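Biologist: I would like a close look at a single part of this model, the largest pocket. Which residues that line it are the closest to its centre?

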Amino acid sequence: MPTNPDGQLRAPVVNRYDGKLIHDLAYYWPQYTPITSKADFDIMLFTFSNSMGHAGSRIGWAVVNDKDVAIKMTKYIELNSIGVSRESQHRAAKILGTVSDSSQCIGGNFYRYGKSLMTERWTKLREVISRSRVFSLPKYIEEYCHYAGEHTEPHPAFAWLKYCNEADVEDLEILLRRYKIMGRGGSLFGAHPNHVRLSMLGDEETFNLFLDRLSSIQDAIAKADKMNVLVYIN
């Protein structure tokens with residue numbers, strides 16, 4: 001399943017035979033990744049936050065094969081949150097209905113539109129990154145998507161940005177903040193601090209501003225490197 005933060009497709013890794021695997025499918029949607037197989041596991045978790053952009057609804061759902069486990073999960077939710085508010089349930093039902101209806105609309109399918117938008121954004125981001133050797137992004141493998149009916153590569157909800165020269169920067173998150181780009185540092189994910197997770201899901205104006213600021217960083221660093229070389233030569 002797509003992993004957070006780098007968006008790579010990975011299978012479960014376990015070191016025991018008893019117990020049950022819980023599959024978090026928050027990002028297993030066609031706008032983010034190829035649907036390579038049916039989601040058919042014992043316990044599967046989903047959320048409106050990532051699948052449909054409704055984080056404020058604070059609601060998700062689970063598909064559980066074992067009835068006894070489902071009963072225990074329901075009881076846990078009741079005790080932990082005093083149930084799910086009726087308002088959130090009504091909102092969730094409306095959202096699901098709208099998305100379902102869109103599948104019958106020519107040119108208005110929610111997931112096909114989302115896939116087109118994410119593809120466009122990733123194309124723009126890679127174009128900006130390719131202009132210099134300052135940053136890099138993960139490379140993804142094309143796989144056959146049963147939903148789209150074609151081979152496609154992932155376009156994750158987050159960009160796992162890497163600063164290429166580790167010796168030049170101690171913490172990429174701090175560097176980006178100086179240019180008013182907010183992200184989550186690599187150390188929060190057990191990675192080197194020359195990595196940052198950046199959201200690809202903001203509105204169009206915010207995303208374009210992010211690209212402009214990222215370009216400014218690359219231009220500034222390239223200019224500084226050029227000046228250093230000239231000083232060294234002289």
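Modeller: What follows starts with the pocket, then takes the strands, the surface patch and the salt bridges in turn.

The model is predicted, so to read it: local features need pLDDT of at least 70, side-chain atom pairs count only at pLDDT 80 or more, and totals for chains, interfaces and linings use all residues. Residues are numbered from 1 along each chain as its sequence is written, and side-chain values use heavy atoms, with hydrogens and water left out.

The largest pocket holds about 550 Å³ of space. Its lining has 18 residues, and Gly60, Trp61, Ala62, Ile77 and Val84 are the closest to its centre. A pocket here is an open set of points on a 1 Å grid over the protein atoms alone, with protein on both sides within 12 Å along at least five of seven lines; a lining residue has an atom within 4 Å of a point. Grid points are joined across faces, edges and corners, and the volume is the space filled by probe spheres set on them. At least two lining residues come from each of β2, β3 and α2, and α2 gives the most, with 6 residues. Helices (H or I, at least four residues) and strands (E, at least two) are DSSP runs numbered from the N terminus.

Of the elements in the lining, β2 (residues 43–47) has 4 of its 5 residues buried, so the strand is largely enclosed by the rest of the structure. Buried means under 20% relative accessible area, exposed over 50%, and partly exposed in between (1.4 Å probe, protein chains only). Strand β3 (residues 60–64) runs antiparallel to β2 and is joined to it by 5 bridges; Ile43 has Val64 as its bridge partner. β1 (residues 22–24) runs parallel to β2, with 3 bridges between them, and His23 is partnered with Met44. Two strands pair if DSSP finds at least two bridges between them.

Two of the residues closest to the pocket centre, Ile77 and Val84, also join Tyr76 in a nonpolar surface patch of about 280 Å². Patch residues have over 30% relative accessible area and no salt bridge; like charges are joined within 9 Å, and nonpolar side chains (Val, Leu, Ile, Met, Phe, Trp, Tyr) within 5 Å. Areas come from the Shrake-Rupley method with a 1.4 Å probe, and for residues only the protein chains shown count as cover. Val84 sits in the loop between α2 (67–81) and α3 (86–102) and is partly exposed, at 38% relative accessible area.

The loop between β3 and α2 holds Asp66, which is linked to Lys20 in the segment before β1, 46 residues apart. Their salt bridge has its closest N and O atoms 3.7 Å apart, the criterion being a side-chain nitrogen of Lys or Arg within 4 Å of a carboxyl oxygen of Asp or Glu. Lys20 is partly exposed at 47%, and Asp66 is partly exposed at 30%. In helix α3, Glu87 and Arg91 are 4 residues apart, or about one helical turn, and form a salt bridge at 2.9 Å, N to O. Glu87 is exposed at 55%, while Arg91 is partly exposed at 32%. The search of the whole structure finds 9 salt bridges.

Note on methods:
On a 1 Å grid over the protein atoms alone, a cavity is a set of points where a 1.4 Å probe fits but cannot get out, and a pocket is an open set with protein on both sides within 12 Å along at least five of seven lines; lining residues have an atom within 4 Å of a point.
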